[in-house]
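The exercises below walk through a protein with a ligand, and each is followed by a worked solution. Please look over the sequence and the structure before reading on.

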Amino acid sequence: MKAIIIGGGIGGLTTAIALQEQGWNYEIYEAAPEYKAVGAGLLLGANAMKVYQRLGIADALIPQGGHLERLYIKDYKGNVLQQIDNDLLQQQYGSRSLPIHRATLQAALLGYLDEPVRTGKKCIAVTETSEGIIARFEDGSEAKGDILIAADGIRSAVREHYIGSQGYRYSGQTCWRTTVNMTLPEAERIVTSEVWGRGKGIRASFMHVGGDQVYFWFTKRLPEGIPLTNEEALALIQRELANFSGHMKAVVARINPSQLIRSDLYDLAPTKNWHKGRVVLLGDAAHATTPNLGQGASQAIEDAYVLADCLSLHYDHETAFRHYVTRRMARAHKIVRISWQMALLTNWEGGIAVGLRNFMVRNMPASATKRQLDFLYNIEL
Ligand SMILES: Cc1cc2nc3c(=O)[nH]c(=O)nc-3n(C[C@H](O)[C@H](O)[C@H](O)COP(=O)(O)OP(=O)(O)OC[C@H]3O[C@@H](n4cnc5c(N)ncnc54)[C@H](O)[C@@H]3O)c2cc1C
């Protein structure tokens, strides 16, 4: 059996590795002409790391990322609103969250593949026949397989053209990300804080992602598509973070504006249409979420493992896809919903509203926090 995978992002690459483990043949097609060292980091949740443990990848990834002991949510004066103890995650759930540079993760995943990724292959159409599935590419070429896995991201061409559902929602926030080269003091290397400003979606964070790389991100409530050059964006970031306490300003001072990556933050309204015939959606193509829980990539990684497992357990692809949806949809949609609510919460403005928001987050009962951690990290694969 052969799977055609459209999209060589974190979801597509992890799917290929998981299928390889199950003895499937696969071909991966990626639209970008080449892999570039993407200048941002990400936090792989303890749940994603559990998947990578199963796939035998975690031990190689861990030394390439940062070593994180605590994650905080703080207000801009430095008061702690919430915290997660990463050592406790390790003790309770058997894995810990890993901050890592995206390019490092990408290179590591590529290193596990038996088959090369075919780059410069933008999928523009999919046709199903009685014998299989055909993907057609912009350059006129095509690929044939038994099933097609669409891991082509939030703006999935396969979903839009073949399955049909759209439902993009703008969260009201724009994000800028980058990495800077600097050596953080030890006390700053082992923690990360998501710092909330005085409403209007203003949040910022930095974290050590391995070597001398520090990942920085910033969000603000802004109209979608607002025209701002990178230099104007950096000036905005400096202005908005001027009264933030701690080490934030030292990191911002290192930012090279030409290396800022901008993303207007959208998600996909939850859709039940995850498969049709021989085609199945995975990762952001199925359930793109705002990054408020830092779970988008982690959910794509869970999808990859579960889909490969279902395909190994059920010979018939329709049955395998149904089982995949049963095991994945409710959880992925819940994450989309919670992240969306958090995005709205951080958009609040005005002293009273922001004070109330911070009070609610700071005084969340320990039992509710524990339930949320269990939900995110206590996964059964
Ligand atoms: C600001 C921000 C911060 C984030 N932080 C985190 C975090 O800390 N932790 C976390 O877990 N998640 C985070 N995420 C979410 C995470 O980046 C995504 O959920 C994850 O990348 C999804 O992986 P994917 O493989 O499904 O899609 P993508 O990463 O979007 O990959 C899709 C791939 O398909 C290719 N492609 C697209 N169209 C076609 C086509 N027609 N034909 C062929 N190839 C195609 C693209 O070039 C791309 O390589 C963040 C997202 C944002 C925007």
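## Exercise 1: the ligand and its shell

A backbone N or O atom of Ala 31 lies 3.1 Å from a nitrogen atom of the ligand, a polar contact in the sense of a pair of N or O atoms within 3.5 Å. The model is a predicted one, in which local features need pLDDT of at least 70 and side-chain atom pairs count only at pLDDT 80 or more, while totals for chains, interfaces and linings use all residues. Residues are numbered from 1 along each chain as its sequence is written, and side-chain values use heavy atoms, with hydrogens and water left out.

Task: describe the surroundings of the ligand, beginning with the polar side-chain atoms of Glu 30 and Arg 102.

Step 1. A polar side-chain atom of Glu 30 is 2.6 Å from an oxygen atom of the ligand, and for Arg 102 a polar side-chain atom is found 2.8 Å from an oxygen atom of the ligand. On its own the ligand has 1000 Å² of accessible area, of which the protein covers 81% (Shrake-Rupley method, 1.4 Å probe).

Step 2. The ligand is surrounded by 29 residues, and the closest are Gly 11, Glu 30, Arg 102, Cys 123 and Asp 284; a residue is near the ligand if one of its heavy atoms lies within 4 Å of it. By kind, the shell divides into 13 nonpolar, nine polar and seven charged residues, where Ala, Val, Leu, Ile, Met, Phe, Trp, Tyr, Cys and Pro count as nonpolar, Asp, Glu, Lys and Arg as charged, and the others, Gly among them, as polar.

Step 3. Helix H1 (10-21), strand S3 (41-44), strand S12 and helix H11 (296-313) each supply at least two residues of this shell, and H11 gives the most, with three. Helices (H or I, at least four residues) and strands (E, at least two) are DSSP runs, numbered from the N terminus.

## Exercise 2: the sheet of seven strands

Task: in what order do the seven strands of the open sheet lie, and which are the edge strands?

Step 1. The order is S5-S4-S13-S14-S15-S12-S16, with mixed pairing; two strands pair if DSSP finds at least two bridges between them. The edge strands, each pairing on one side only, are S5 (80-85) and S16 (261-268).

Step 2. Strand S14 (residues 203-208) pairs with strand S15 (residues 213-221) in the antiparallel sense over six bridges, and Ser 205 has Trp 217 in S15 as its bridge partner. Helix H12 (residues 317-347) packs on the sheet, touching S12, S13, S14, S15 and S16, and its direction makes about 80° with that of S12. Contact means heavy atoms within 4.5 Å, and angles run from 0 to 180 degrees between N-to-C directions, with axes fitted to C-alpha atoms, for helices over the stretch in contact.

## Exercise 3: the sheet of six strands

Task: how do strands S1 and S2 pair, and over how many bridges?

Step 1. The open sheet of six strands has the order S7-S2-S1-S11-S18-S17.

Step 2. Strands S1 (residues 2-6) and S2 (residues 25-29) are joined in the parallel sense over five bridges, with Glu 27 in S2 as the bridge partner of Ile 4.

Definitions and conventions
A polar contact is a pair of N or O atoms within 3.5 Å; within protein, one must be able to donate a hydrogen and the other to accept it, and residues adjacent in sequence count only if both atoms are side-chain atoms.
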